[in-house]
Amino acid sequence: MFGIGMQEIVLICAIALIVVGPKKLPELARALGKGYAEFRRAFDDMKRTVEVDLQTEEIRRSLMDLPPPPPPGGVPPPAPESLLTAPPVPPDPFPYPGTGSGAARAGDPAASRVHTSGAVPDAEDARGRG
């Protein structure tokens with residue numbers, strides 16, 4: 001069983017009889033048997049759960065490989081290439097300063113000045129009198 005021979009099992013039972021006593025030994029054996037049965041039941045339940053999860057995953061993957069069903073009304077589904085291309089990205093309505101369409105152009109004197117005060121430049125700064 002576990003590499004234990006008959007002599008070792010007899011020796012273990014004799015030591016258990018001496019340590020536990022003849023009155024408590026049947027109760028101990030019964031408790032060990034119930035514990036083993038409960039462990040076995042829990043293990044089998046876990047094994048079944050894992051098998052069901054694996055089967056569910058396999059079915060889900062096989063369904064993902066199927067083409068989509070035709071829509072009601074007879075309109076053909078879009079071509080597969082159009083599903084793989086990303087939709088166009090709209091321009092950012094609030095671009096980060098210094099990027100995008102709101103970026104400073106080279107040679108613009110108002111745009112080349114750096115405002116370290118953190119304040120918004122006023123109209124005079126924009127005209128270059130600042």
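Here is a conversation between a student and a tutor about a predicted model.

Student: What should I know about how this model is numbered and filtered?

Tutor: Residues are counted from 1 along each chain as its sequence is written. Since the model is predicted, local features need pLDDT of at least 70 and side-chain atom pairs count only at pLDDT 80 or more, while totals for chains, interfaces and linings use all residues, and side-chain values use heavy atoms, with hydrogens and water left out.

Student: How do you know which helix the predictor is most confident about?

Tutor: We use pLDDT, the predictor's confidence in each residue, from 0 to 100. Among the elements of the chain, helix α2 (residues 25-64) has the highest mean, 92, and helix α4 (residues 109-112) has the lowest, 51. The chain averages 75, and 60% of the residues score at least 70.

Student: What makes α4, residues 109-112, a helix here?

Tutor: Helices are DSSP runs of H or I with at least four residues, strands are runs of E with at least two, and both are numbered from the N terminus. Residues 109-112 form such a run, so they carry the name α4. The chain has five helices and zero strands, giving the pattern α-α-α-α-α along the sequence.

Student: How do you know that the span of helix α1 is close to what is expected?

Tutor: The expected span is 1.5 Å times one less than the number of residues. Helix α1 (residues 6-20) has 15 residues, and its expected span comes to 21 Å; the model reaches 21 Å from first C-alpha to last. Just after α1, G21 takes a positive phi of about 105°.

Student: What makes E38 and R41 a salt bridge?

Tutor: The rule asks for a side-chain nitrogen of Lys or Arg within 4 Å of a carboxyl oxygen of Asp or Glu. For E38 and R41 the N to O distance is 2.8 Å, so the pair meets the rule. The two residues are three apart in helix α2, and are therefore separated by about one helical turn. As a general point, an α-helix has 3.6 residues a turn, so residues three or four places apart point the same way.

Student: Why is R41 called exposed, while E38 is called partly exposed?

Tutor: Buried means under 20% relative accessible area, exposed means over 50%, and partly exposed lies in between (1.4 Å probe, protein chains only). R41 has 51%, so R41 is exposed. E38 has 45%, so E38 is partly exposed. Buried residues make up 2% of the 130 residues in the chain.

Student: Which residues are linked in a network of salt bridges?

Tutor: E57, R60 and R61 are linked that way. The closest N and O atoms of R60 and E57 are 2.7 Å apart, and R61 meets E57 at 3.3 Å, N to O. R60 and E57 lie three residues apart in helix α2, while R61 and E57 lie four apart in helix α2. E57, at 27% relative accessibility, counts as partly exposed; R60 is also partly exposed, with 41%; and R61 is exposed, with 54%. The structure holds four salt bridges.

Student: Why is the F39 and F43 pair called stacked?

Tutor: Rings of Phe, Tyr and Trp (its six-membered ring) pair if their centres lie within 6.5 Å; planes under 30 degrees apart count as stacked, over 60 as edge-to-face and the rest as tilted. By this rule the count comes to one aromatic pair. F39 and F43 are 6.5 Å centre to centre with 20° between the planes, so the pair is stacked. Both residues lie in helix α2, four residues apart. F39, at 56% relative accessibility, is exposed, and F43, at 39%, is partly exposed.

Student: What makes L28 eligible for the nonpolar patch?

Tutor: Patches are made of residues with over 30% relative accessible area and no salt bridge; like charges are joined within 9 Å and nonpolar side chains (Val, Leu, Ile, Met, Phe, Trp, Tyr) within 5 Å. L28 has 36%, so L28 passes the accessibility cut-off. L28 is found in helix α2, and joins L11, I15, V19, V20 and L32 in a patch with about 560 Å² of accessible area together. The elements giving two or more residues to the patch are α1 and α2, and α1 supplies the largest share, four residues.

Key:
Accessible areas come from the Shrake-Rupley method with a 1.4 Å probe; for residues, only the protein chains shown count as cover.
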